[in-house]
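Here are a few worked exercises to try with the model open on your screen. Have a go at each task before you read the solution.

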Amino acid sequence: MKKFVTLLLTVAMIMSLAICGGVSASADDVTIKVAAIETAYGSQVWADVAAAFEAETGIKVELTTDQNLEDVLTGPMQNGEFPDVVHLATGRPAGLTEQLVKANALYPLTDTLALTIPGEDVKVSDKIAGGFTDNNIVAPYGDGVTYMAPMFYSPCGLFYNEKLFAEKGWEVPTTWDEMWELGDKAAEEGIALFTYPTAGYYDAFMFALMNAIGGPEFFNAITTYEEGAWDSENGQTLLAILDKLASYTHPSTPAQANNQDFTKNQLMVMTNDALFMPNGTWITGEMAGALETLENDFAWGMTAVPAAGEAPYSFCWFEQAWIPAGAEHIAEAEQFVAFLYSDVAAEIFASAGAMQPILGIADMLEGENVLFYSIYDNGAKAAMGGFAAFGEIPGVDVSSTFFTPIDSLVAGTITIDDYAEQVKTNSAMMRDNLLG
Amino acid sequence: MKSNFRRTSFICLCVIPAVILFAIFMVAPTFNVFRLSLYQRSTFNPNEVFIGMKNFQMLMKDATFIRSMQNMLLLIVMVTVFTMATALVFAGILTREKIRGQSFFRVVFYIPNILSVVVISGIFSAIYDIDRGLLNSILNLFGAEGVLWKGEKHVIMSLVIAMVWQAIGYYMVMYMASMSAVPGSLYESAEIDGAERVTQFFQITIPLIWTNIRTTLTFFIISTINMAFLFVSAMTSGGPNNASNVALLYMYNQKNLGGGYGYAMAIGVVIFLVSFGLSALVNKVTERDILEY
């Protein structure tokens with residue numbers, strides 16, 4: 001009998017051990033799939049952050065980084081195999097995030113923002129800078145629910161050659177009247193006032209310009225396709241500036257405004273063929289190789305889009321991280337998103353120049369970035385958001401409606417009235433198909 | 001009777017794997033393209049809503065689609081005409097005339113064909129450069145102003161030049177193969193009759209390789225539709241402002257940005273029918289009695 005009891009106890013002990021072991025093993029064994037776009041910041045930062053997350057939480061990370069992340073993800077996602085966390089940006093040609101917004105396929109991050117960051121005792125929402133979680137990019141349905149976590153941000157503005165301005169004794173314009181004056185002065189010296197890499201770069205520029213003309217109210221009117229917005233006084237000012245700016249744009253620009261030759265347009269600012277171009281802080285890294293070939297003095301300068309009734313504005317461009325609604329390990333994915341805002345992760349990202357919208361991030365800035373990111377301290381206001389999401393309309397999308405026709409406007413093959421007509425017609429269709 | 005049955009079943013057995021593969025990978029997807037073109041369906045939302053011919057009605061009103069179809073047809077015509085003319089002339093010269101370094105030229109002409117489109121677009125980006133490009137430098141030498149090769153006015157011509165440059169070698173080799181099969185005695189007797197080189201080319205060479213020319217015409221149509229997508233994606237991204245957009249690129253972009261899968265498939269159906277119709281038309285128009293020698 002005693003032997004039997006001992007045997008029974010032994011079996012019970014082994015079984016309980018096995019069960020406990022099994023439970024703890026399954027918690028440790030969770031592997032989340034993280035997919036991140038590889039940009040100028042490189043892919044090593046993501047490997048480092050994933051390793052730090054594993055060390056902190058014990059949740060394993062299977063990381064995928066790729067320059068064309070959409071090509072890697074689209075096929076499996078159509079078959080229902082979703083990664084748990086995706087880091088990408090809106091406004092890319094493949095429009096993956098936009099498609100998921102249209103398909104209602106993102107997981108709401110309300111709970112994620114309320115999570116305590118792993119390894120810290122601060123909530124995620126307390127760490128993210130104001131305005132980043134309630135704009136119409138991350139809360140696309142207009143119901144105040146955040147679906148994307150704001151990631152690396154970059155102030156966008158007009159970039160120029162500081163040395164040229166110093167040499168000629170020119171002031172950087174803060175209003176559009178000063179801008180045109182400068183344009184005439186530069187033209188006498190054979191320098192064009194303006195160029196742009198591709199027409200797609202007009203997004204950040206136009207968003208800032210709308211704010212500089214009529215403040216956030218006018219910006220919202222245009223980006224929610226309000227009826228009569230383009231016919232309003234502010235709308236007419238916007239069209240007039242776009243028209244005049246097209247005539248001040250370097251004539252070679254549209255012929256080089258494609259994915260293959262856009263750096264030639266960027267080079268025009270460095271070689272003093274054009275004064276300004278709209279761009280983001282990544283430009284310094286992108287054009288670093290061209291510095292050695294320059295024969296003239298050069299140093300990057302950046303200014304906000306000049307005022308036209310309101311203050312100068314600089315658009316704040318940012319990437320986003322999100323959880324697909326079809327993700328397998330939502331709870332662990334939320335932990336990962338929360339961890340992205342930890343001091344450890346922020347430091348890793350900042351070391352590669354990727355700045356997150358975290359309060360106090362300015363202390364981590366280095367080099368030219370100190371100057372660029374201080375744009376908001378120097379009198380420029382921050383513009384944020386984008387065009388409101390709308391359902392599928394055959395043949396109509398934001399870029400080909402508002403931005404790419406700029407190429408034709410500069411080339412002189414369409415007039416500003418043609419542009420206004422197209423913008424108004426398409427805006428009406430977008431208004432009828434608004435999501436949310 | 002029995003051996004006939006065995007023979008038939010053996011043939012069936014041999015053919016079945018190919019038929020199955022063909023059905024799964026060719027027939028079914030093509031059928032699906034036609035089916036989806038009647039539906040509204042976004043990329044990540046599996047819900048399909050039947051909308052009949054609405055996608056096609058929208059297409060007829062879509063100015064960018066019409067422009068991209070026009071560009072596609074323009075490229076087909078121009079690339080075919082220029083490539084065929086030059087490839088035929090070069091093939092004629094290289095087979096009939098005795099030139100030094102014949103095989104060297106053959107290799108040189110063929111090289112562009114083995115280069116990747118990305119490399120070719122890189123080469124032409126340098127050739128078309130506005131300030132330091134090869135073409136504008138030559139123009140400047142003669143006092144002419146530089147041309148915006150990738151600007152709205154000239155972008156299609158720039159694509160044609162690159163595509164012709166790439167295709168000549170391939171078709172030249174094809175024409176050379178059939179030209180060398182033409183018996184030399186025909187040319188000799190023509191020469192005795194007093195026919196010049198040009199007359200010989202048009203009266204003997206062209207009629208005798210006509211079957212080959214007809215085959216390559218179908219190749220031209222199909223390959224230009226596909227190659228235009230690659231060249232435009234790599235060289236101009238369809239710009240400036242859709243001036244160089246072609247139907248396949250527009251279809252690809254609509255899948256992502258505009259009308260979703262249904263609309264993109266409707267574009268696919270139109271491209272399919274146009275290329276099919278065009279090939280049939282060309283085939284019919286070029287029908288001749290086959291000359292034997």
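**Exercise 1.** Find which residues Thr284(A) touches, not counting residues up to four places away in sequence, and work out whether Thr284(A) is buried or exposed.

*Solution.* Step one: list the neighbours. With contact meaning heavy atoms within 4.5 Å, Thr284(A) touches Trp300(A), Glu368(A) and Phe372(A). Step two: place the residue. Thr284(A) sits in helix H13 of chain A, residues 283-286; helices here are DSSP runs (H or I, at least four residues), strands are E runs of at least two, and both are numbered from the N terminus. Step three: check the accessibility. Thr284(A) comes out at 17%, so it counts as buried (buried is under 20% relative accessible area, exposed over 50%, partly exposed in between, with a 1.4 Å probe and protein chains only). Step four: look for a polar partner. The Thr284(A) side chain reaches the backbone oxygen of Thr281(A) at 3.3 Å.

Before going on, a word on the ground rules. This is a predicted model, where local features need pLDDT of at least 70 and side-chain atom pairs count only at pLDDT 80 or more, while totals for chains, interfaces and linings use all residues. Residues are numbered from 1 along each chain as its sequence is written, chains are lettered from A and ligands numbered from 1 in the order in which they are written, and side-chain values use heavy atoms, with hydrogens and water left out.

**Exercise 2.** Describe how domain 1 of chain A meets domain 2 of chain A.

*Solution.* Start with the bounds, which come from an automatic or database domain assignment: domain 1 is 2-154 + 316-373, and domain 2 is 155-315 + 389-432. Their centres, taken over C-alpha atoms, lie 34 Å apart. The contact takes 13 residues from domain 1 of chain A and 17 from domain 2 of chain A.

Next, the area. The two domains bury about 1,300 Å² between them, 63% of it on carbon and sulfur atoms; buried area is the accessible area (1.4 Å probe) that two parts lose on being put together, summed over both. In domain 1 of chain A, Lys102(A), Ser154(A) and Phe372(A) lose the most, together 42% of what that side buries.

Finally, the polar links. The rule finds zero salt bridges here (a side-chain nitrogen of Lys or Arg within 4 Å of a carboxyl oxygen of Asp or Glu). It does find two residue pairs in polar contact, both at pLDDT 80 or more; that takes a pair of N or O atoms within 3.5 Å, where within protein one must be able to donate a hydrogen and the other to accept it, and residues adjacent in sequence count only if both atoms are side-chain atoms.

**Exercise 3.** Now do the interface of chain B and chain A: how many salt bridges does the rule find?

*Solution.* First, the extent: 33 residues of chain B are in contact with 34 residues of chain A. Together the chains bury about 2,700 Å², 49% of it on carbon and sulfur atoms. Phe44(B), Asn241(B) and Leu257(B) supply 27% of the area that chain B buries, more than any other three residues.

Then count: the rule finds two salt bridges across this interface. Asp261(A) and Lys150(B) meet in a salt bridge at 2.7 Å, N to O. There are also 12 residue pairs in polar contact, both at pLDDT 80 or more. As for elements, H11(B) gives the largest share of chain B's side, five residues.
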